[in-house]
Amino acid sequence: MPDERAVAHAPGDTAPADLLAAVVTLCRTLRDRGIVATPAESIDGVRALGVVDIADRDEVRLALRSVLIHRREDFDAFDEAFREVWSIERGLPAPIPLPGPRREMVKPPAPAPARPPTVSLQNWMKPSDGDAGDSITVRAASDNESLVARDFSHYAAEDDEAFRALARRIARRLSLRRSRRWKASRRGRRIDLRRTVRASLRTGGNPIALERRVRKVRRTSLVALCDVSGSMELYARFLLQFLHALQNTFARVETFAFATRLSRLTPLLRGVRYRESLRDLGREVQDFSGGTRIGASIRGFLDRYPKLVDRRTIVVILSDGWDVGDPALLSDAMQALHRRSGRVIWLNPLMGGADFTPDTRGMQAALPHIDLLAPGHNLEALQRLIRHLAL
Amino acid sequence: MNDEIRRIQDVMEREAYITDRQIATSVFLATALGKPLLVEGHPGVGKTEIAKVLAQTLGADLIRLQCYEGLDATTALYEWNYQRQLLHIKLGESSTASMAEQEATLFSEAFLLKRPLLAAITHHGKPPVLLIDEVDRSDEEFEAFLLEILSDFQVTIPELGTIRAEARPTVVLTSNRTRELSEALRRRCLYLWIDYPSFEKELRIVRTKVPGLGEQLAREITGVVQALRKMRLTKHPGIAESLDWAAALVALHADHLDEEVVRETMGCFLKDDGDFQRMERELQGGALQAMASFAG
């Protein structure tokens, strides 16, 4: 592991030792707060202090901040760390004993979510004879729950040709995007002048063979995050069936389920019939029908699967926005997700109701970081979604 | 305070760029440490201006590369002038030069079209300021390519060999944060975040940049714009919008704000239909007075 000792040699001749120690301590404190501050940063920090007025505390703070910190979000943490490390009275750094081994980040124990009285996944797997929807108690604290429930309670689990047709259309839509970049091709419509001129040298400047180029195909991928908490019980059954169809039609799709925790469903959905998928889901996903912590789940997704989201990813969140977590956490997680992905679409099944307004705390916190909020309560709503699936 | 930082602040103010300590310190460090400066902030807070003023301050040329999606090495670095190349081959048809000689001529600097990055590297005389504007709009491939250029300031053109910068240009990158930039790019740069200006700072900017603006009107304009930034709007007005609005009001010979004149000139600072309707509701609710007297 790279250590601060490596730094001590590099700029050590020009900087006073206590200054060096202070910068190193500051970087260490920053690392404890989860900010990347490597020896490279330490070196730049010391270099910066070599050129500014180190008796001017504010100047030192501003200089170190622009050298050590690389994003707006870390400013507060930096200022706090700086206050701790730099002595106030003299403006000059106090001689600081180097702290011992890195402190462990102590996470507060997660409060156990209250389990609402709802049916388990077992109910989903009963032979669907069409009346299951009527007998299930739904936790959604919405007046129009029965109305929305009727929307798809008559979908039989086996009858998923409609889902497969929809999945095929979505897959086609996502595959046909053309990038703005070019690649050489024998059959392109546009002439590639660079290569044509090159080739014409052989024939004394006569461009006998025209080289051509085409647009590269853009690889759009899709990530679906499906809320399977208690309030989503009925919708989740329907939405997962849709995701199952999509998963088996389109290669670049990843499916996750969350309630209080996040589970990756992709391997469970792929290559098996929906009914078998459900059986596996019941075994693997422990927190079905629990409460919802959307923010923590999305944060967990970003932390554990950072490679799955980039500018060519469309993220679809399927949730009613009922959240028992901290709204600030949800807002932060959504912002991070939004910035890293190409498009964030939120499908809210409750939007099917006539008097829907997105005024739950969770929805309010997420709203500024969504590109599209759309209903997702029936097949027709999902079909309308297709034209928004473009980057 | 370091004398050089104070000097930068003074010079920037003289160029009518109202600055603050953080900006002056970062700009100074970028030149003193020879590192690229990454400037982030909301649209319209004067990120691009920094590069322009910096070029003026240093007495250097400004070379600008505007980024967009699909921007590739060819468009940013160099391209061959095909028309001239073809013409040259045609004209030299009867010549007895060997193919190798012909090729050497064709792929020489005479036929090279320098795009901004190569222009910045091969620039003679005082090192220029290279502005890479809205780098968040380009895609990951281009960002990776930039990393290479920014660390070595040299490029290799297959036909010509490696071209190295005589003196490193001062580099300013700006980003509107429509996309998260890679950690690698961030870490190669000094970082500067520009927030919307405070009431006092914006007032100074408006008064410095728009001549013929009355004191009361300047305060009212600044007040309304500052209040708008606290509202839930689709597109918040930047400093450019305040300046446009002030200039329009001067042209209309207004000396204070009333609902009528605000309604007429709303297009200067609101760019979204929904925001128009929100503003209209505020006006009907009689909120103009409160907004115009907003001060922090």
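Chain B touches chain A through 49 of its residues, which meet 45 residues on the chain A side. This is a predicted model, and here's a quick look at how the two chains pack. Together they bury about 4300 Å², with carbon and sulfur atoms giving 49% of that area.

**Who does the burying**
- On the chain B side, the top trio is B:Leu33, B:Arg187 and B:Tyr191: they supply 14% of the area that chain B buries against chain A, more than any other three residues.

**Charges and polar pairs**
- Ten salt bridges turn up across the interface of chain B and chain A.
- One to pull up on screen is the link between the side chains of B:Glu159 and A:Arg198, at 3.0 Å from N to O.
- If you're counting polar contacts across the interface, you'll get 17 residue pairs, both partners at pLDDT 80 or more.

**What chain B brings to the contact**
- Helices and strands both chip in: among the elements giving two or more residues are helix H5 (82-91), helix H8 (140-152) and strand E9 (190-194) of chain B.
- H2(B) gives the largest share of this side, with eight residues.
- By residue class, the chain B side splits into 20 nonpolar, nine polar and 20 charged.

**Nonpolar cores**
- The largest nonpolar core runs to 94 residues, and A:Trp86, B:Leu117 and B:Ile132 have the most contacts inside it.
- There's also a second, separate core of 44 residues, including A:Cys226, A:Leu269, A:Leu350 and A:Leu379.

Technical notes. Residues numbered from 1 in each chain as written. Chains lettered and ligands numbered in written order. Predicted model: local features only at pLDDT ≥ 70, side-chain atom pairs only at ≥ 80, totals over all residues. Heavy atoms only, no water. Contact = heavy atoms within 4.5 Å. Buried area = accessible area lost by both parts, 1.4 Å probe. Salt bridge = Lys/Arg side-chain N within 4 Å of Asp/Glu carboxyl O. Polar contact = N/O pair within 3.5 Å; in protein donor to acceptor, adjacent residues only side chain to side chain. Helix = DSSP H or I, 4+ residues; strand = E, 2+ residues; numbered from the N terminus. Nonpolar A, V, L, I, M, F, W, Y, C, P; charged D, E, K, R; others polar. Core = buried A, V, L, I, M, F, W, Y, C linked by side-chain atoms within 4.5 Å. Buried < 20%, exposed > 50% of the residue type's maximum accessible area, 1.4 Å probe, protein only.
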